[in-house]
Structure formats: structure tokens, C-alpha cells
Amino acid sequence: MSQLLQALSFPLHGSRLIEASAGTGKTWTIAALYLRLVLGHGGADGFRVPLLPADILVMTFTRAATKELANRVRERLLDAAAYFRGHGTQADAYLDDLLAAYPDQSERHQAAHRLVLAAETMDEAAIFTIDAWCQRMLREHAFDSGSLFDESLIKDEQTLFADAAHDYWRQQVYPLNQAALDVLQQTWSDVGVLKKDVRQLVRRSAMLEELGLFGNEALGSLIGREQQALEQQLATLKAGWPERIERMEQWLTQERERHPKGYSGNKLRPASVAKWFAQLRGWANTPAQADPGMKPEDLFKLSTEGLATCCNKGYISMPPDDFDAVGPLQLALAALEPLSHKLYLHAAGAIARRMEELKRRSHEFGFADMLERLRSALRGENGAALRQRMIAQYPVAMVDEFQDTSPEQYQIFDLLYRVADNDASVGLFMIGDPKQSIY
């Protein structure tokens, strides 16, 4: 159940989703919750123990954002400390309400001391980008995560990706026979187009590999097998269509001669109709052609339902059964999986594997590798021990711009904080605007 967030009583434990659109005071809210975590404020709505900046994991997406957030939190801690000591320079309704929870003067001085201590240790605050945090965890928990100490981080994998893509083109495309090459070049005219098309898929290779979408089949074999399967499907679809098209065109020509005012001249222009039948005829008589090359709305006009929409007011079209076959044909054509889909997956899988091979040889790893290694470690043999160490280190996490987390990143948070369990011994606060999600 959703409800309006009240910063003073927001539960500081369990799994929480905070929807915060631009301009709604998201940074203010993060700082307000941070104050309560440091103070141990809230009773049943608070966290079980007071925390220091090193205990509160805050993640966002850019280094600039981490620095700005750290500065804002430090300022808020110092302002609150001054307020608790009675030195506030201007009224603050939130701090007034917070102060009311500490009526005794000695309690206020203790709270102020804790706030100052937290501000002074903000250099140790656990405010990171997700990539930087993953790198830190793999380094600090190298034995549990299975990471190697002598590996170096590649901050830009573009050169590595380009090398792997060119290797793919040389190893897989050069050996193709002319027929297979002609088919391939309907998807990629050259290696530059290939790189542009599969770059994002390669970045998601770990998840695609996990789903079993990558294979090791040679490209030529894949094209031959898929073409054969497609041609069998098309042969079944095209059966009877050459004759049907002739009957349909003949009937529609005679129908318009008999009822020249029965059909809309704009919707069924004679030149357009002739072009549509020519396109359909070419498709029906070319065994390997999957796409008639027609706009969906144009093909629809040659169906029984479509012809009805082309009639002028007062006229009812009564086409023969041949026109009833157009609707099912459209559905069947739309259901055909383009060969390009299989080509994308084949290339992305091979390029990703080649990149892994090149990185192993040079003892290097990339940002995406960090996510996958940490995720695999948390799922692996030492996963339970690694999780316990990590949540002991960071019992509470706040994920800023949560709408931009990838599925792989979310899986790491879920493995650590077990979102569905809503465990009161830890806290995961996911903060973002779903309307701005990039996924």
C-alpha cells in the first residue's frame, strides 16, 4: 500500500520503495533519513541501532552525484548538531520535530555530539556509485568472491569490444559462401553496422547467457538451418496464394467496374491497388521472401474487413472467400521470427566470449564483469558467508535513482537484502521516479 512519506516516522528497516519525482525534495529526504539513522531515532519506526556514515550505504549513478550528496549530508549533520545545541540560525520545522524527541538537555547534547562525530567521519561515508561499490566489495571480500588480486580494471571497453567484433567478422563471416553472405548482409552490410547493432546486447551478455540464448554453432550452419526452417514455413504459408491473388485482383477490378461509386477513390486508388497486388504476387512467387514489402494498413485493405472500411456510405461490399484469407496471412507473417534476431544473439554471444578470453589473457576486467562476479559470488558456494559479512558492514542501504538500476544490479541488492522478506534487521530504501526509468 502506498502512502505519503513522512520523514520523521518513515520506517527505517525492511524493504521500502520511495517514489520521488524531480523537484520533490529527494536529496532533502535522503539527508533527513540519514539524520535519524545516525541518531537511532524512531523507536519502533527506527533502525535497531544508531549508525555511523561508514555503516549507511548510499548508492547513486555518477561520481559527481556522490560528491554532491556527501556534501549535502555533511552540511545537514552539522546544521542539526548546531540546532540541538540551541545555535540554529533559522527555523527548521523538521529539526523542531526531531528535537522534540529529545526533551532532556543531556540527551540533546549527546545527540549533537553524535551528529558532529558523524559529520567529522563523512570522509569514510559509504556513498558510492554502484560500480565503485562493486569494485570495493570484490577487493575487500576477495576470498569469498573468488576475485584475483593481480587483475586491473578496464574503465573503457570500447577498444576491446571493437577488437572482439572484428575477430568475429574475420572468423565467422569471411568463411561464408555467397548465399549465406547475401542473407547476412540483409542484416549487416559491414562490421561497422554489426558493432552498432549488438553493442547493447553484449553489455547484457551475462543475463542472456543465463537464459540459454547463446549457442556455439558456426554462423554458416546457423544461417543454413534457419533459412531452411523459414523456407518450409513460407512454403506452407504461400501454398495456393499465386492463384488466389489472380482471382482477388480479377474480382476487385470487375467489382469496381460494376460499382464505380461503391468504393472510396482515396482509399483504393487504382494505381495503389495494382502495386499491392504486384507486391503480393512477387512475395507468393519468391520462395525465400518473407516480407511482401507492403505497409500493414495496405495489406489490411485487401481483407474482407478492410474492404468494408473502403466502401462509400450506403454500399456494402460482398467479396469472395479469397479475401477472408488475408487476415490470417497477416497474423502468420507477423508471427515469423526474423533471422536477424538469431544473428544478433549469435554475434553478441561470440563477441562477449571473445572479450572474456582477451581479458583473461591480460588479467583485466570491466565494470559489467564486476556486477556479474559479485552476483555470482552471492549465489555461489560461499554466498551465505559473503552476504552476512556484507550486510554486517552495511546493514542499511539507500539506492538513489533506483529507476535506473539494471536487472543485474537489482538482483545483487535482492540477494543481499532479500526484498520480499522485508527483514526488520536490515534496511533497503529504493528511491526514484518510475516515470524516468531507462529500463
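These exercises work through helix packing, buried residues and nonpolar cores in a predicted model.

**Exercise 1. Packing of α2 and α3**

Task: Describe how helix α2 packs on helix α3, and state which residues make the contact.

Solution:
- Step 1. Set up the description. Two packed helices are described by the angle between their axes and the distance between the axes.
- Step 2. Take the values. Helix α2 covers residues 63-84 and helix α3 covers residues 93-100. Their axes are 11 Å apart, at an angle of about 55°.
- Step 3. Classify the angle. Angles of 65 to 115 degrees count as roughly perpendicular, and those under 35 as roughly parallel. α2 and α3 are therefore oblique to each other.
- Step 4. Add the hand. The crossing of α2 past α3 is right-handed.
- Step 5. List the partners. α2 supplies Arg76, Asp79, Ala80, Tyr83 and Phe84. α3 supplies Tyr94, Leu95, Asp96, Leu98 and Leu99.
- Step 6. Sort them by class. The contact of α2 with α3 holds seven nonpolar and three charged residues, and no polar ones.

**Exercise 2. Arg76**

Task: Is Arg76 buried or exposed, and which residues does Arg76 touch beyond four places in sequence?

Solution:
- Step 1. Locate the residue. Arg76 lies in helix α2.
- Step 2. Apply the cut-off. Buried means under 20% relative accessible area. Arg76 has 11% relative accessibility, so Arg76 counts as buried.
- Step 3. Find the neighbours. Beyond four places in sequence, Arg76 touches Trp28, Ala31, Leu35, Asp92, Tyr94 and Leu95.

**Exercise 3. α1 against α4, and the core**

Task: Give the geometry of α1 and α4, then say which elements give two or more residues to the largest nonpolar core.

Solution:
- Step 1. Take the axes. Helix α1 (residues 26-39) and helix α4 (residues 105-120) cross at roughly 115°, and their axes come within 9 Å.
- Step 2. Add the hand. α1 passes α4 in a right-handed crossing.
- Step 3. Name the contact. Leu35, Val38 and Leu39 of α1 meet Ala111, Arg114, Leu115 and Ala118 of α4. Six of these residues are nonpolar, one is charged and none is polar.
- Step 4. Follow Leu115. Outside four places in sequence, the contacts of Leu115 include Leu35, Val38 and Leu39. Leu77, Ala80, Ala81 and Phe84 are also among them.
- Step 5. Move to the core. The largest nonpolar core has 43 residues. Tyr34, Leu37, Leu77, Phe84, Leu115 and Met398 have the most contacts inside it.
- Step 6. List the elements. Two or more residues of this core come from each of α1, β2 (56-60), α2, α3, α4, β6 (396-399) and β7 (427-432).
- Step 7. Note the other core. A second, separate core has 30 residues, including Tyr168, Trp169, Val198 and Leu219.

**Exercise 4. α19 and α20**

Task: How are α19 and α20 oriented, and which residues of α20 are buried?

Solution:
- Step 1. Take the axes. Helix α19 (residues 383-393) and α20 cross at roughly 90°, with axes that come within 9 Å. That makes α19 roughly perpendicular to α20.
- Step 2. Name the contact. Arg387, Met390 and Ile391 of α19 meet Leu415, Leu416 and Tyr417 of α20. Five of the contact residues are nonpolar, one is charged and none is polar.
- Step 3. List the buried residues. In α20 (residues 407-417) these are Glu408, Gln409, Gln411, Ile412, Phe413, Leu416 and Tyr417.
- Step 4. Check the end. Just after α20, Arg418 has a positive phi of about 50°.

Methods:
Residues numbered from 1 in each chain as written. Predicted model: local features only at pLDDT ≥ 70, side-chain atom pairs only at ≥ 80, totals over all residues. Heavy atoms only, no water. Axes fitted to C-alpha atoms, helices over the stretch in contact; angles between N-to-C directions. Helix = DSSP H or I, 4+ residues; strand = E, 2+ residues; numbered from the N terminus. Parallel < 35°, antiparallel > 145°, perpendicular 65-115°, else oblique. Left-handed = near helix turned anticlockwise from the far one by under 90°. Contact = heavy atoms within 4.5 Å. Nonpolar A, V, L, I, M, F, W, Y, C, P; charged D, E, K, R; others polar. Buried < 20%, exposed > 50% of the residue type's maximum accessible area, 1.4 Å probe, protein only. Core = buried A, V, L, I, M, F, W, Y, C linked by side-chain atoms within 4.5 Å.
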